Amino acid sequence: MTASDPTVDAVAATLRGYRFSYASEADLQSAIADVLTDAFPHTTVTREVRLPAGLGRVDVLIGRVVVEVKVAGTGDSLGRQVRRYASSDQVDGVVIVTNRVRHARVPEAVGGKPVVVVGLAGHL
C-alpha cells in the first residue's frame, strides 16, 4: 500500500455517504467505480480485475482494496469469495456493498485483512 492508497475504512466511509440508484449489479458496480474515482483521484480504480492464481475476478479494485458488490447470491458463496480475495498478496482488505442482510454475516477480518460491509439505502 502506498501513502495515497485509501484504507478499507476510508473506502467504506465514502460509499456510505451515497445513495445509489441502479437497475442491475453491473450498473451499481459502475456507479461505485465512478464515486471512488472522484473521491480518490490519485488512486487507480479498476473494474472486473482478475486476481492471479485463479483467485477470482473482483468487481472493483481501488488501490489494494477490493469492493465486492452483492445484490443476489448466498452468504456462503460470498464467504468463499472473500476468503479467496483475502488470500491474494495484491489485496489489503475487502469492502462488501450489499442490500442483503445475509451478506452482512461475514467476519470482520479474513487472513488478517479487514472486511467491512456497507449496506445500501439504509438496509442492514
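**Sheet, helices and cores**

Strands β3 and β4 run parallel and are joined by 6 bridges. Within this pair, Val65 has Gly93 of β4 as its bridge partner. The model described here is predicted. Helix α2 packs on the sheet, where it touches β1, β2, β3 and β4. The direction of α2 makes about 120° with that of β1. Helix α1 lies across β2, β3, β4 and β6. Relative to β6, α1 runs at about 5°.

The sheet is open and is formed by 6 strands. Their order is β1-β2-β3-β4-β6-β5, and the pairing is mixed. The edges are taken by β1 and β5 (109-110). Each of these has a single partner strand, so one side of each is left without a neighbour in the sheet.

Antiparallel pairing is found on both sides of β2. Strand β1 (residues 45-51) runs antiparallel to β2, and 6 bridges join the two. Arg50 has Arg57 in β2 as its bridge partner. The two strands form a hairpin with 4 residues between them. On the other flank, β2 pairs with β3 in the antiparallel sense over 3 bridges. Here Ile62 stands opposite Val65 of β3. The hairpin of β2 and β3 has 2 residues between the strands, and Gly63 takes a positive phi near 60°. Strand β2 is largely enclosed by the rest of the structure, because 6 of its 7 residues are buried.

Backbone angles in this region include two further positive values of phi. Most residues other than glycine have a negative phi. Ala53, a residue other than glycine, has a positive phi near 60°. Ala53 is found in the loop between β1 and β2. With a relative accessible area of 76%, Ala53 is exposed. Glu48 is also not a glycine, and its phi is positive, near 55°. Glu48 belongs to strand β1. Its relative accessible area is 35%, so Glu48 is partly exposed.

The side chains were then grouped into nonpolar cores. In soluble globular proteins, nonpolar side chains tend to be buried together. The largest nonpolar core of the model has 23 residues. Leu15, Ile32, Leu36, Val67 and Val95 have the most contacts inside this core. Two helices, α1 (8-16) and α2 (25-39), each give two or more residues to the core. So do the strands β2 (56-62), β3 (65-70), β4 (93-98) and β6 (113-119). The most is given by α2, with 5 residues.

Leu36 illustrates the contacts of this core. Beyond its neighbours within four places in sequence, Leu36 is in contact with Val11, Thr14 and Leu15, among others. The remaining partners of Leu36 on this count are Val45, Val60, Ile62 and Val67. Ile62 is thus a contact of Leu36 and also the residue opposite Val65 in the pairing with β3. Apart from the largest core lies another, of 16 residues. Its members include Leu55, Val58, Val66 and Val115.

Methods: Residues numbered from 1 in each chain as written. Predicted model: local features only at pLDDT ≥ 70, side-chain atom pairs only at ≥ 80, totals over all residues. Heavy atoms only, no water. Core = buried A, V, L, I, M, F, W, Y, C linked by side-chain atoms within 4.5 Å. Buried < 20%, exposed > 50% of the residue type's maximum accessible area, 1.4 Å probe, protein only. Contact = heavy atoms within 4.5 Å. Pairing = 2+ DSSP bridges. Axes fitted to C-alpha atoms, helices over the stretch in contact; angles between N-to-C directions.
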